[in-house]
Every structure is written in C-alpha cells, then in structure tokens.
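User: I've got a structure open and want to check some of the labels people put on it. Can you walk me through the reasoning?

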Amino acid sequence: MYTRIYNNKLVKVYSGDDLSNSKTISKLKGRELTGFTIRDEHNNIIFYDIDEISAKELQLIIRNLKTATIAIEMTKEEVIDYFYMIAKVQLIENNKEFFTEKELYNQMNSTIDSGIVNSKVWKEVKDKVYKKLSENGFQKRED
C-alpha cells in the first residue's frame, strides 16, 4: 500500500500482496473508490468506472491479484492522521518539541513525496494537524 495525490485527494493505493490479505479486502468493501484497474492477458490496462467496491468487484480483484490496482479515497480523519503521524515521527526523530511551519515542511518533504506536501490536501488539513500536534506536546512557533 502506498499513498498518492489523485484529483486533489489523498488516496491509498493497493496492489499485489496488499490485495491477497483478507483483512485488507474486507476493509475495502463499500469504500469510495478513486480507481480500479486490472491488466489483461496482453498487458493492457482495463479501468473500471465504479463508485464503490461491491462483492462483484472484490471477486474480480481476487481473481486478478497479480494485476489489480485499487485506489481508495481517504476520509478526512484518515488524511489528518496520515499527516499527523508523518509530522510526529519527524519531530521525534529531530528531537523537536517546538517547530516552525518551514522546519516541519522541510522535514516532511524529505520523507514523503513532495507532491503530497505541496498539495491542496495538506493545505486544507495542516491547521488540524498542528492542533493535534499541540494536543500531544509539540508546539508550533511562528517563522
């Protein structure tokens, strides 16, 4: 599983081994889908235009584990938690109780895709992430 920006949304992308895990499959059912592809026998990508993963799509995925890729839109809470965990790890690794936006941006940018840190998604949730960091002992200072 990896995380990407797609259409100004943060998505989790599952493929291969991720999809062979029954716990992962059960988490996917009923989730809002961003993309679902399977490669055919000629290595062509087939895109399925559906809104939600149903039992039918799960069966297609299970039969095509080696070539299926699914992107699920993360909920607002998942997005906040995603950025919070990255920020928290960076602050702990750099032994920082206090941080500026610029410092945290540079630290996060060094560990995740810069497209994610520069995304509209980050800009929309960063104040909530800062608040959560503050509630957990990390204080933001002005630049």
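User: Why does Asn 95 count as exposed?

Analyst: Keep in mind this is a predicted model. Asn 95 has 72% relative accessibility, and exposed means over 50%, so Asn 95 gets that label. Asn 95 lies in the loop between helix 3 (76-93) and strand 6 (98-100).

User: What makes the phi of Asn 95 worth a remark?

Analyst: Phi of Asn 95 is near 50°, a positive value, and the residue isn't glycine. Most residues other than glycine have a negative phi. Asn 43 also has a positive phi, near 70°; Asn 43 sits in the loop between strand 3 (33-39) and strand 4 (45-47).

User: Why is the pair Glu 73 and Lys 9 called a salt bridge?

Analyst: The closest N and O atoms of Glu 73 and Lys 9 are 3.6 Å apart, and the cut-off is within 4 Å, so the pair qualifies. Glu 73 is in strand 5 and Lys 9 in strand 2, so the bridge ties together parts 64 residues apart in sequence.

User: And why is Lys 9 called partly exposed?

Analyst: Partly exposed runs between the 20% and 50% limits. Lys 9 comes in at 35% relative accessibility, so that's the label.

User: How do you know that Glu 142 and Lys 140 form a salt bridge?

Analyst: Their closest N and O atoms are 3.8 Å apart, which is within 4 Å, so they pass. Salt bridges that share partners join Glu 101, Lys 126, Lys 140 and Glu 142 into one network.

How values were computed:
Residues are numbered from 1 along each chain as its sequence is written. This is a predicted model: local features need pLDDT of at least 70, side-chain atom pairs count only at pLDDT 80 or more; totals for chains, interfaces and linings use all residues. Side-chain values use heavy atoms; hydrogens and water are left out. Helices (H or I, at least four residues) and strands (E, at least two) are DSSP runs, numbered from the N terminus. Buried means under 20% relative accessible area, exposed over 50%, partly exposed in between (1.4 Å probe, protein chains only). A salt bridge is a side-chain nitrogen of Lys or Arg within 4 Å of a carboxyl oxygen of Asp or Glu.
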